Amino acid sequence: MKERSRANTLLIELLLVIFFFMCSAGILVQVFANAKLKSKEAHVINASMLEAENIAEELYHTDDPEALLASAGYTAGNDGWELQKEDYVIRVALRTEETEAGTIRTCEVSGISGEKTLLTLLSTRYIPREVSP
């Protein structure tokens with residue numbers, strides 16, 4: 001009788017250990033799935049930031065922003081210019097303001113993933129008028 005209760009105790013302990021490892025494995029699968037999701041989100045943010053920084057810098061230095069955007073693959077839309085990538089969209093809004101002393105050109109570059117705006121960069125350039133003596 002004593003050996004039978006000892007075998008039952010061993011069997012219960014084994015079942016508890018197996019249950020513990022199954023629960024641990026389930027939790028680890030969730031942790032790794034969340035880590036993969038966060039890694040993909042970070043990759044999308046970094047890629048869109050790099051693309052937005054590059055186009056904002058190029059727009060600052062160009063004299064014809066529409067030609068630059070068209071040559072870079074952007075398409076004109078109601079809200080400005082858009083470039084569709086796999087996981088995100090780069091949207092560029094151009095505004096020009098004429099003043100007495102010159103022109104102020106503002107480019108707003110946004111990285112958008114789904115319905116979420118990842119980042120917004122402003123690039124403003126003042127172009128003075130030629131002053132004749």
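This is a short tour of the structure, stop by stop, with a selection to make at each one. Keep in mind that the model is predicted.

**Stop 1: the sheet**

Start by showing the strands as a cartoon. Five of them form an open sheet, in the order β1-β2-β3-β4-β5, with antiparallel pairing. At the edges you will find β1 (75-76) and β5, each of which pairs on one side only. Strands in a sheet are held to each other by backbone hydrogen bonds, in either a parallel or an antiparallel fashion.

**Stop 2: from β1 into β2**

Select β1 and then β2, residues 81-84. Two bridges join these antiparallel strands. Click on Thr75 and look across to β2: the bridge partner there is Glu82. The hairpin of β1 and β2 has four residues between the strands, and within this hairpin Gly80 takes a positive phi near 135°.

Now turn on the side chains of β2. Which of them point to the buried face? Trp81 and Leu83 do, while Glu82 and Gln84 point to the other face and are not buried. The side chains alternate along the strand.

**Stop 3: β2 against β3**

Extend the selection to β3, residues 89-98. β2 and β3 run antiparallel and are joined by four bridges. Two pairs are handy for finding the register: Glu82 stands opposite Arg91 in β3, and Gln84 stands opposite Val89 in β3. Glu82 is worth keeping labelled, as this residue is also the bridge partner of Thr75. The hairpin formed by β2 and β3 has four residues between the strands.

**Stop 4: β3 against β4**

Next, add β4, residues 102-113. How many bridges join β3 to β4? There are ten, and the two strands run antiparallel. Pick Ala93 and you will see Glu108 of β4 opposite. Move on to Thr96, whose bridge partner in β4 is Arg105. The hairpin that joins β3 to β4 passes through three residues.

**Stop 5: the largest pocket**

Clear the view and select Leu37, Lys40, Glu41, Val44, Ile45, Asp87, Ser113, Lys116 and Leu118, which line the largest pocket. Two elements give two or more residues to this lining: α1 (2-61) and β5 (116-128). The largest share comes from α1, with five residues. The volume of this pocket is about 160 Å³. If you colour the lining by residue type, you should get four nonpolar, one polar and four charged residues.

Stay with Val44, one of the lining residues. Val44 is found in helix α1. Is Val44 buried or exposed? Its relative accessibility is 8%, so Val44 counts as buried, the cut-off being under 20%. Now draw a distance from Val44 to Tyr88, C-alpha to C-alpha: the two are 7.0 Å apart in space, with their positions 44 residues apart in sequence.

**Stop 6: a long view from β5**

Zoom out and select Leu122, which is found in strand β5. At 59% relative accessibility, Leu122 counts as exposed. For a sense of scale, draw a C-alpha to C-alpha distance from Leu122 to Thr9: they are 70 Å apart in space and 113 residues apart in sequence.

**Stop 7: aromatic rings**

Finish with the rings. The structure holds one aromatic pair. Select Phe20 and Phe21 to see it: the ring centres are 5.6 Å apart and the planes meet at 65°, so the pair is edge-to-face. An aromatic pair is described by the distance of the centres and the angle of the planes. Switch on the surface and check how these two residues sit: Phe20 is exposed, with a relative accessible area of 52%, and Phe21 is exposed as well, at 54%.

One last selection takes you to Tyr60 and Arg125. What lies over the face of Tyr60? Arg125 does, at 6.0 Å from the ring centre.

Note on methods:
Residues numbered from 1 in each chain as written. Predicted model: local features only at pLDDT ≥ 70, side-chain atom pairs only at ≥ 80, totals over all residues. Heavy atoms only, no water. Phe/Tyr/Trp six-rings, centres within 6.5 Å; stacked < 30°, edge-to-face > 60°. Buried < 20%, exposed > 50% of the residue type's maximum accessible area, 1.4 Å probe, protein only. Lys NZ or Arg CZ within 6 Å of the ring centre and 35° of its normal. 1 Å grid on protein atoms, 1.4 Å probe; cavity = no way out; pocket = protein on both sides within 12 Å on 5 of 7 lines; lining within 4 Å. Points joined across faces, edges and corners; volume = space filled by probe spheres on them. Nonpolar A, V, L, I, M, F, W, Y, C, P; charged D, E, K, R; others polar. Pairing = 2+ DSSP bridges.
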